[in-house]
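I am opening a new page for this chain. I want to look up how two of its helices pack, then its salt bridges, then one side chain.

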Amino acid sequence: MSLPGGPGGRNPTLVLVVASTGGPAALLEILRHIVKPMLPMIVAQHMPADQTKGFAMHLAEQSRLTVVEAGAGALPPGDVVVLRGGGDYRLFRGETGLVARLAPAAHTPFHPNGDTLLRSAAAASIPAGCVVLSGMGQDGAAGAAALASSGMPVLLQAFGTCVVPGMPQATAASVPGARALSPASIAARLNAWARLEAA
């Protein structure tokens, strides 16, 4: 997955999504409202390793976008990359695009870990906006705060539309400026980010 734009840019050139319980349905609704050209998207959906390939195929069939599963290594081209379940990943800038490397397992039963992913993007000065969807616990909140501190935008799923609002609520507490939106409204915001990048 190539990354347009340079380090330190304030407009997102990439979207990072963190999701858990209830997240797949919300993510699919978002993807159905995305228009092209779109920003590349990387998804950390809490899910076992043997389920993310099928999940990516389902998203592709239902959204008509190019959705692929990927683990450690250079991220493949595609509209949406679903990180392989069961492990945690850090993002780095490679010579030809983004690279995901396996990270030490976070002290949580939920993998891929969203905080690990988001913090790595902030540390590498990757201009990524983030979206925190439905899920229990607090994953994504600390990582979203790291991205927000570097000037990047944070969106979260409106609590009333979540199956479990724990992760969006924790993110709202960590990032007071985060915008809480319905999945369709999140998609509209992502479409606006893509227009800014194309301008």
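**Helix packing**

I began with a pair of helices in this predicted model, and found that α1 and α6 cross in a right-handed sense. Helix α1 covers residues 23-32 and helix α6 covers residues 183-198. I noted an angle of about 45 degrees between them, with the axes 8 Å apart. The two helices, α1 and α6, are therefore oblique to each other.

Next I listed who makes the contact. From α1 I wrote down A26, E29 and I30. From α6 I wrote down P183, A184, I186, A187 and L190. Sorted by type, the residues of this contact between α1 and α6 come out as seven nonpolar, no polar and one charged.

**N191**

While on helix α6 I also looked up N191, which is found in that helix. Is N191 buried or exposed? I have N191 down as buried, because its relative accessibility is 10% and the cut-off for buried is under 20%. Leaving out residues up to four places away in sequence, I found N191 touching H33, I34 and V35.

**Salt bridges**

How many salt bridges does the count come to? I get two salt bridges.

I took the pair K36 and D79 to begin with; their side chains meet in a salt bridge at 2.9 Å, N to O. K36 sits in the loop between α1 and β2 (41-45), and D79 sits in the loop between β4 (73-74) and β5 (80-83). I noted that these are distant parts of the chain, 43 residues apart. I then checked accessibility at both ends. K36 has a relative accessible area of 52%, so I entered K36 as exposed. D79 has a relative accessible area of 14%, so I entered D79 as buried.

The other entry is R84 with E69, where the closest N and O atoms of the salt bridge are 3.4 Å apart. I placed R84 in the loop between β5 and β6 (88-93), and E69 in strand β3 (residues 67-70). The pair therefore ties together parts that are 15 residues apart in sequence. R84 is partly exposed, with a relative accessible area of 34%. E69 is buried, because its relative accessible area is 19% and buried means under 20%.

**Left on the page**

For the contact of α1 with α6, I keep the split of seven nonpolar and one charged. For the salt bridges, I keep K36 with D79 at 2.9 Å and R84 with E69 at 3.4 Å.

Terms used:
Residues numbered from 1 in each chain as written. Predicted model: local features only at pLDDT ≥ 70, side-chain atom pairs only at ≥ 80, totals over all residues. Heavy atoms only, no water. Axes fitted to C-alpha atoms, helices over the stretch in contact; angles between N-to-C directions. Helix = DSSP H or I, 4+ residues; strand = E, 2+ residues; numbered from the N terminus. Parallel < 35°, antiparallel > 145°, perpendicular 65-115°, else oblique. Left-handed = near helix turned anticlockwise from the far one by under 90°. Contact = heavy atoms within 4.5 Å. Nonpolar A, V, L, I, M, F, W, Y, C, P; charged D, E, K, R; others polar. Salt bridge = Lys/Arg side-chain N within 4 Å of Asp/Glu carboxyl O. Buried < 20%, exposed > 50% of the residue type's maximum accessible area, 1.4 Å probe, protein only.
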